[in-house]
Amino acid sequence: MAPDHHRLADRQEISELLIEYCRALDVMDLPAIARVFTDDCEVEYGPEDRLRSKGSAGVAKSLERMWRWARTSHHLSNIQIAFDDHDRARSISYVLAWHERPDGSTATVMGQYHDRLVRIEKGWRIATRRMEMNGSDAGFTVNLHRTKRQGPPAGWVAPNIDAPVDGNLADKKP
Amino acid sequence: MAPDHHRLADRQEISELLIEYCRALDVMDLPAIARVFTDDCEVEYGPEDRLRSKGSAGVAKSLERMWRWARTSHHLSNIQIAFDDHDRARSISYVLAWHERPDGSTATVMGQYHDRLVRIEKGWRIATRRMEMNGSDAGFTVNLHRTKRQGPPAGWVAPNIDAPVDGNLADKKP
Amino acid sequence: MAPDHHRLADRQEISELLIEYCRALDVMDLPAIARVFTDDCEVEYGPEDRLRSKGSAGVAKSLERMWRWARTSHHLSNIQIAFDDHDRARSISYVLAWHERPDGSTATVMGQYHDRLVRIEKGWRIATRRMEMNGSDAGFTVNLHRTKRQGPPAGWVAPNIDAPVDGNLADKKP
């Protein structure tokens with residue numbers, strides 16, 4: 001086992017930090033949101049200026065926009081962390097974010113947070129965050145960055161795989 | 001690093017315990033569900049008596065109600081754990097719970113488990129569980145506790161952020 | 001604490017391996033997908049031959065079929081790992097997999113990966129993978145293995161639990 005034990009304690013702290021953002025956002029605890037970022041952080045959810053903010057206080061202020069939703073639920077998973085040195089790390093995590101408007105209509109986005117993290121005296125903090133969108137349902141219309149996906153080679157033909165060979169679709173429901 | 005190494009082994013055991021509940025529930029392995037709770041546990045999913053139960057056998061018995069669904073899938077994430085002392089912990093975790101009725105209609109709820117855990121001779125167990133609901137789709141009608149969310153200050157006005165500045169919605173699909 | 005410290009470093013490596021599969025699949029990084037499997041792996045997503053493949057190169061090749069989707073998002077959670085010996089492990093993990101066709105229609109499947117893992121010189125790799133489906137929405141029509149679920153005893157009657165006692169459904173939306 002490596003002397004640094006794969007930095008498991010650091011991984012655990014960073015994971016709970018990323019999760020704390022979600023918990024705080026879903027209850028709109030803006031001071032708690034500010035605490036997961038560095039004082040001079042840079043955050044961008046999309047290419048437009050109105051989706052970028054700087055500083056922990058600035059991020060928390062900008063996320064007041066989440067009040068336009070009546071309810072939200074941010075499900076974080078797929079956390080990958082790599083360390084650049086003792087006090088700096090990069091992570092990618094996935095989020096499934098469900099939002100409900102006051103009129104009951106909903107919007108769901110599935111995306112990735114690409115973060116740079118630094119360790120300050122109080123612990124790990126998010127220094128930069130860039131959100132990318134893997135996809136969304138039709139209800140979600142915010143112009144987030146899109147995840148870059150490798151396309152097929154020229155001339156690629158899709159296989160027929162979505163219907164069972166024996167046509168027993170009626171048997172699909174247990 | 002702290003002498004207890006941030007109690008990483010305890011965190012791992014508790015995480016797998018919370019996950020085991022989901023796995024067992026989705027295959028309706030009621031004895032396995034009983035094993036994640038203490039003998040004298042207290043569980044409540046909502047404010048009504050019929051959504052409360054006591055004791056590991058009582059919880060497993062009450063969850064027979066899940067047979068009214070033909071299929072379920074409970075996706076657990078966002079696990080946060082804090083330790084009160086050597087043998088007691090509290091955790092919050094998120095669940096995205098999908099349910100399908102025998103007629104094929106579905107119901108999805110997104111919620112949080114707020115648990116107190118204790119270490120008994122056999123390992124960590126859930127002593128108390130309170131479920132809260134961040135939100136749900138229209139198909140889900142069980143009266144769960146609602147997550148408390150901080151509302152906006154008086155006079156707050158929602159920003160216009162859901163349509164791109166340049167109106168290129170047609171460009172949204174890749 | 002156990003001498004092997006519950007093999008926490010191995011668990012972390014295996015967890016990031018399972019996550020790497022999802023990340024690589026969503027950006028269609030086929031070489032990265034091949035790297036998470038052993039050279040002689042066996043993978044089956046369903047009972048039909050066209051959903052089975054062998055070898056890391058074979059799996060990557062077969063997953064070219066994912067190009068029939070315009071976008072995907074694979075959210076991994078519920079990772080449980082058990083060790084058979086120093087270099088062999090079994091894991092169950094959950095995936096919520098969202099897919100979007102070029103025409104904008106979508107298909108979501110909720111399932112489980114049942115994996116056997118081995119440690120080779122380069123690290124942990126997936127040796128066998130069997131996917132099971134807990135459920136799906138109507139848009140998903142691939143014939144995956146179904147999760148086996150224990151049914152109710154003869155004569156079981158479903159309780160009335162889906163409507164509030166006091167009938168205040170109108171109060172459900174906050």
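This note sets out numbered points on the predicted model, covering its symmetry, its cavities and pockets, and three individual residues.

1. Relation between the chains. Superposing chain C on chain B takes a turn of 120° with a shift of 0.0 Å along the axis, and the resulting RMSD is 0.0 Å. The two copies are therefore related as by a three-fold rotation axis. Laying chain C on chain A likewise gives an RMSD of 0.0 Å, by a turn of 120° and a shift of 0.0 Å along the axis.

2. Approach to the axis. Which residue of chain C comes closest to the rotation axis? The residue is C:Ser77, whose C-alpha lies at 3.6 Å from the axis.

3. Enclosed space. Searching the whole structure yields 5 cavities of 30 Å³ or more. The largest cavity holds about 950 Å³ of space. Its lining comprises 33 residues, and those nearest the centre are A:Ser15, B:Ser15, B:Ile79, C:Ser15 and C:Ile79. Two or more lining residues come from each of helix H1 (8-26) and strand S3 (71-85) in chain A, from H1 and S3 in chain B, and from H1 and S3 in chain C. By class, the lining of the largest cavity has 15 nonpolar, 12 polar and 6 charged residues.

4. The largest pocket. About 600 Å³ of space is found in the largest pocket. There are 20 residues in its lining, with A:Thr108, B:Thr108, C:Trp98, C:Thr108 and C:Asp137 nearest the centre. The elements giving two or more residues to this lining are strand S4 (88-100) and strand S5 (106-120) of chain A, of chain B and of chain C. The lining of the largest pocket divides into 10 nonpolar, 7 polar and 3 charged residues.

5. The second largest pocket. The volume of the second largest pocket is about 350 Å³. Its lining has 17 residues; B:Glu13, B:Glu16, B:Leu17, B:Glu20 and C:Gln80 lie nearest the centre. Two or more lining residues are given by each of H1 and strand S6 (123-136) of chain B, and by each of S3 and S4 of chain C. Which element gives the most to this lining? It is H1(B), with 6 residues. The lining of the second largest pocket consists of 5 nonpolar, 4 polar and 8 charged residues.

6. C:Arg7. This residue is located in the segment before helix H1 (8-26) of chain C. Is C:Arg7 buried or exposed? Its relative accessibility is 11%, so C:Arg7 counts as buried, the limit for that class being under 20%. The side chain of C:Arg7 forms a polar contact of 3.1 Å with the side chain of C:Asp10. A polar atom of the C:Arg7 side chain also lies 2.5 Å from the backbone oxygen of C:His86. With neighbours within four places in sequence left aside, the residues in contact with C:Arg7 are C:Phe83, C:Asp85, C:His86, C:Asp87, C:Arg119 and C:Trp124.

7. A:Asp10. In chain A, A:Asp10 is placed in helix H1. A:Asp10 counts as buried because its relative accessibility is 11%. The side chains of A:Asp10 and A:Arg7 are joined by a polar contact of 3.1 Å. Apart from neighbours within four places in sequence, A:Asp10 has contacts with A:Phe83, A:Arg119 and A:Trp124.

8. A:Glu64. The loop between helix H3 (56-62) and S3 of chain A contains A:Glu64. Its relative accessibility of 19% is the reason why A:Glu64 counts as buried, given a cut-off of under 20% for that class. Which residues does A:Glu64 touch, not counting those up to four places away in sequence? They are A:Met28, A:Leu30 and B:Trp156. How far apart are the C-alpha atoms of A:Glu64 and A:Asn134? These two residues are 70 residues apart along the chain, and their C-alpha atoms are separated by 24 Å.

How values were computed. Residues numbered from 1 in each chain as written. Chains lettered and ligands numbered in written order. Predicted model: local features only at pLDDT ≥ 70, side-chain atom pairs only at ≥ 80, totals over all residues. Heavy atoms only, no water. Helix = DSSP H or I, 4+ residues; strand = E, 2+ residues; numbered from the N terminus. Buried < 20%, exposed > 50% of the residue type's maximum accessible area, 1.4 Å probe, protein only. Polar contact = N/O pair within 3.5 Å; in protein donor to acceptor, adjacent residues only side chain to side chain. Contact = heavy atoms within 4.5 Å. Least-squares fit on C-alpha atoms with pLDDT ≥ 70 in both. 1 Å grid on protein atoms, 1.4 Å probe; cavity = no way out; pocket = protein on both sides within 12 Å on 5 of 7 lines; lining within 4 Å. Points joined across faces, edges and corners; volume = space filled by probe spheres on them. Nonpolar A, V, L, I, M, F, W, Y, C, P; charged D, E, K, R; others polar.
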